[in-house]
Structures are given as structure tokens and as C-alpha cells.
Amino acid sequence: MEKLMVAGGNPLKGRIKISGAKNSAIALIPASILSQSEVILDNMPTLSDVNIYAEILQELNVQVNQKKKDQLVVNASNIRAVPLPNGNVRKLRASYYLMGALLGRCGEAVIGLPGGCNFEPRPIDQHLKGFQALGAEVETVNGSIHLKAKQLRGARIYLDVVSVGATINIMLAAALAEGTTIIENAAKEPEIIDVATLLNSMGAKIKGAGTEMIRIQGVKELNGCRHSIIPDRIQAGTYMIAAAATKGDVVVDQIIPKHMEALTAKLIEMGVHVKEMDESIHIVGNEHYDHVDVKALVYPGFATDLQSPMTSLLTQANGVSTISDYIYSSRFKHIPELMRMGAKVKLEGRTAIIEGSALQSAKVKATDLRAGAALVIAGLTTVDGGITEITGVEFIDRGYDFLVDHLTMLGAEVWREKV
Ligand code: EPU
């Protein structure tokens, strides 16, 4: 076990390249088992979740090779739908994508209920409703989901809640179904477009990804292909926020600026200097920031995954800011930890009310991935000369590759120590 040590006070300065998106990668890896032959995934981030996913595929007799650091080659030509009630599937939220992918490819799956960042109950009823609509039998037995279908058939599925996971999972199951599936009230996140792009390169017929209606015309077989994963907009946003919070000067490179619009607009509203270029965004901090109100919503709204990091930045604004999460009503486990560091925050329902104040170093605990990112940013802003000690680093490692290296390169004093 390790902890992260963060000495505050240094403005971040320099240039950082963003890697492939975690939330795309962990959907594209299971998507590639729908193919009969080799799928090459480039721009693969170096993350613990990716390693765990690779191990899960190997349990299914899928060959997974890493010829280059940022590439994964998946060959599922000899796949076997062995039941996976326990073990690695319980460590990952995104193991739920194996339900759609295995159902599509093999007609059956047994998958233990997913784990991952449990900042609040995260139901998967919409995923299961989708599989049932496609003709699958779905049963929960001893904490595992059992799925079976002789032949999946296209259906019209209206999602009661806009869900990234359910939209992708239904696309995976429907790609090889007989006939046409229509997903209404679909999520529009860039990661959904990325999965549809991969599937279409494999020979699927998917239209409308990125809109609220997706049409999937089932095909008989999917082929191999090569695909490059989109940049991680949440990682990019975290570094943009960290640059602003430390009043730094950072170019965040290899990104799609359009994916960052909701954050960019808020930063500008606060008084951060933001310059967009073709594939990068330049952030220059300011001495004083105005308070703002932020609402985390579905894409293209402000991302819930940036809600916790943004809370740390709002502690540095003058006056009273608010941040509400309309995706997860209680994703606020970072708040008590920030308060240990001197943050003045009051929680009212799904809204945090933040009064600007200087933060001090403290011993704090990351309880999920983005809460961990928030604490790192908070630690970087402290000017009391102390060290912020963050335990729960394993959560942060799920979504930020080379975090210590990147921050060090930008001039921060950050290191790991054994607990
Ligand atoms: N929901 C339901 N029923 C369902 C599915 C979702 O009620 O069947 C609810 C959820 O409880 C939540 C809302 O719908 O209130 C949206 O959830 P969604 O399904 O979109 O979330 P997800 O697919 O499980 C992904 C990311 C999350 C990210 C959300 C929202 C992955 C593996 N996870 O989760 O990422 O917060 O979309 O954008 O892709 C993270 O990276 O830190 C992270 C948690």
C-alpha cells in the first residue's frame, strides 16, 4: 500500500500530453471480443483498470497482447463464455460490458455484479431491461447476473434514465442481433461515439451515436480492425483545473477541445485565461477568481467526473460558489476530506456550497477515483509549507496514468511513500 505525498505552493508550469480515455478503453476492450479476428486498440492508457480487464479476457480464453506500451491487441477467435461470478469482475465497474459483449458473441454470460468506485448505489436496471427487450433471459443468482439468448432480436428500447453504461451495453448486444435495434433517450458522451466508431470499423451498422437516438442494424459477423482511442477528457479536465487552482501556466495537449467546452466556459467565467487550439488548450491562472455556480449534467453538460476536482478549485474563488451533481445525488465523499484541509463547505441535498478559503495540508483519504483527484488538487494549492498525505492511492491509479511523473514534470512536489 502506498500513499501520495503532496507539497503545495508551486504553480504548475509546462506542457502535458493526455492519454487515451479510460472510460472508452474499458468499453472498447470488451467490444473487441465481438470480432472473430484481431482488434488492435491504439492510444491505450496505462491504468490498473485496463490491466484487470486484460486479465478478465484471458479467463475467457481471449488472447491479449501488448506489443507497445500504449497498444492492446485482442484476439477472441477462440473465446469461451466461462462463468465469471467472482474475482476480477468484482473489481471493476465496467465489467458489466461483458454482459452485452458475451451475450452478443456467445449467447450467454454469467457475470458477478460489478465493483469499482462505489460512491453511491449504481443500479444497472436499464442495462438488464435492454437485454430483455432484445430477447435475453436475465436472472440474478447469488449476486451474479445470468444471461442467455438463443437468438437476440432487434427491439425499440427507451431508456428511463440517460445512462452511458446502458447505451453502450445495448449497442454491444445489438450489434450481432437479428434485425434493427433503436435506443431512445440514449446517452451522448464522446465515449459512446468512440465505441460505435470501433464497432462500425469492425463491420457493424450503427447510426446516430452522439445523438439521443441510436439505430443499430444487426450484422452476422464482425471483423478485425485497428482503432485509436479518443483522448481522456476527464484527465485533461483534471489537469486544466489543477493548472487554474495553482495559478499556473499549462498547455494540455493531445485533446479534443470540443469535449472540454462545459469546463472551459466555467473556467473563463471564473477569470481563468483559456486559449483553445486545434488539439490543445492553454490555461493561465489568475490571482483572483470569481465565484460561480456549476451543475453536473449529462454530456454536453459539465461532467460529473469533474465535479469533485472542480470543488477543490472553487475553494480558491472569492465569495460563495455552488456545485450540484444531477447525475449522482451523493457523490460528495471528498467534501469531509476537503473540510479537514480547511475548506468551508456546506452540503444541501445534491449541492455543495463552497465559501472561498485557503487550504492547509492534512492527512486525508481518497475514497474513489475523482475524490482522489480533488484531494491532489487541494494539496497542490496549500501554502502552509506542510505536506498533504493522501491514502487510497489505488483509487487514483484507476484513472490517472503517470500522475506523479506528470505533476513532477509540471513543477509540483509530489511523491509516493509506503503506508
Ligand atoms: N442509472 C440507473 N440505472 C441504470 C444505469 C444508470 O438508474 O441502469 C443511473 C445512475 O445511478 C446514475 C445515472 O443513471 O445516476 C447515470 O449513470 P451512467 O449509467 O451514465 O453511469 P455509468 O455508465 O455507470 C459512466 C462512467 C462514470 C461516469 C458516468 C456518468 C464508466 C465505467 N463509468 O458510468 O465514470 O461518472 O458514466 O458520466 O464509464 C469515473 O470515471 O470516475 C466514473 C465514475
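Helix 1, spanning residues 22–31, is mostly covered in this predicted model, with 9 of its 10 residues buried. The buried residues are Lys 22, Ser 24, Ala 25, Ile 26, Ala 27, Leu 28, Ile 29, Pro 30 and Ala 31. Helix 1 also supplies at least two residues to the lining of the largest pocket, a feature taken up again below.

The setting of this helix is given by the domains. The domain assignment divides the protein chain into domain 1, made of 2–19 and 231–418, and domain 2, made of 22–228. Domain 1 is thus written as two segments of the chain, 2–19 and 231–418. The C-alpha centres of the two domains are 30 Å apart. Their contact takes 22 residues from domain 1 and 23 residues from domain 2.

The largest pocket has a volume of about 980 Å³. Where does the largest pocket lie with respect to domain 1 and domain 2? Both domains give residues to its lining, so the pocket lies between them. The lining consists of 40 residues, and those nearest the pocket centre are Tyr 96, Arg 122, Val 164, Ile 327 and Tyr 328. By residue class, the lining holds 20 nonpolar, 7 polar and 13 charged residues. Besides helix 1, at least two lining residues each come from helix 4 (125–133), helix 5 (164–174) and helix 11 (369–381).

The second largest pocket encloses about 200 Å³ of space. Its lining is made of 13 residues, with Ser 19, Asn 43, Lys 69, Asp 401 and Phe 402 nearest the centre. These 13 divide into 4 nonpolar, 5 polar and 4 charged. Domain 1 and domain 2 each contribute at least three residues to the lining of the second largest pocket.

From the pockets we turn to the nonpolar interior. In soluble globular proteins, nonpolar side chains tend to be buried together. The largest nonpolar core here has 80 residues, and Ile 33, Leu 57 and Leu 98 touch the most other members. Helix 5 gives the largest share of this core, 7 residues. Helix 5 therefore appears twice in this account, as a contributor to this core and to the lining of the largest pocket. Apart from the largest core lies another, of 67 residues, which includes Leu 267, Val 272, Phe 302 and Ile 323.

Ile 33 shows how parts of the chain meet in the largest core. Setting aside residues up to four places away in sequence, Ile 33 touches Leu 57, Val 62, Val 74, Ala 76, Ile 79, Leu 98, Ala 101, Leu 102 and Arg 105. Two of these partners, Leu 57 and Leu 98, are named with Ile 33 among the residues that touch the most other core members.Burial is not confined to nonpolar residues, as Asn 88 and Glu 389 illustrate. Asn 88 sits in the loop between strand 5 (71–75) and helix 3 (97–106). Is Asn 88 buried or exposed? At 9% relative accessibility, below the 20% cut-off, Asn 88 counts as buried. Leaving out residues up to four places away in sequence, Asn 88 touches Ile 52, Glu 55, Ile 56 and Glu 59.

Glu 389 belongs to strand 22, residues 387–391. With a relative accessible area of 18%, Glu 389 is buried, since the cut-off for burial is under 20%. Apart from neighbours within four places in sequence, Glu 389 is in contact with Lys 3, Leu 4, Met 5, Ala 362, Lys 363 and Val 364. Glu 389 and Gly 14 are 375 residues apart along the chain, and their C-alpha atoms are separated by 25 Å.

Some backbone details in loops remain. The peptide bond from Tyr 299 to Pro 300 is cis, with omega near 10°. Pro 300 is in the loop between strand 17 (293–296) and helix 9 (307–314). Asn 185 is not a glycine, yet has a positive phi of about 60°, and is found in the loop between strand 10 (180–184) and helix 6 (190–201). Gln 254, likewise not a glycine, has a positive phi of about 60°. The loop that holds Gln 254 runs between strand 14 (249–253) and helix 8 (261–270). Gln 254 is partly exposed, with a relative accessible area of 38%.

Terms used:
Residues are numbered from 1 along each chain as its sequence is written. This is a predicted model: local features need pLDDT of at least 70, side-chain atom pairs count only at pLDDT 80 or more; totals for chains, interfaces and linings use all residues. Side-chain values use heavy atoms; hydrogens and water are left out. On a 1 Å grid over the protein atoms alone, a cavity is a set of points where a 1.4 Å probe fits but cannot get out, and a pocket is an open set with protein on both sides within 12 Å along at least five of seven lines; lining residues have an atom within 4 Å of a point. Grid points are joined across faces, edges and corners, and a volume is the space filled by probe spheres set on the points. Helices (H or I, at least four residues) and strands (E, at least two) are DSSP runs, numbered from the N terminus. Ala, Val, Leu, Ile, Met, Phe, Trp, Tyr, Cys and Pro count as nonpolar, Asp, Glu, Lys and Arg as charged, and the others, Gly among them, as polar. Domain bounds come from an automatic or database domain assignment. A nonpolar core is a set of buried Ala, Val, Leu, Ile, Met, Phe, Trp, Tyr and Cys residues joined through side-chain atoms within 4.5 Å. Buried means under 20% relative accessible area, exposed over 50%, partly exposed in between (1.4 Å probe, protein chains only). Contact means heavy atoms within 4.5 Å.
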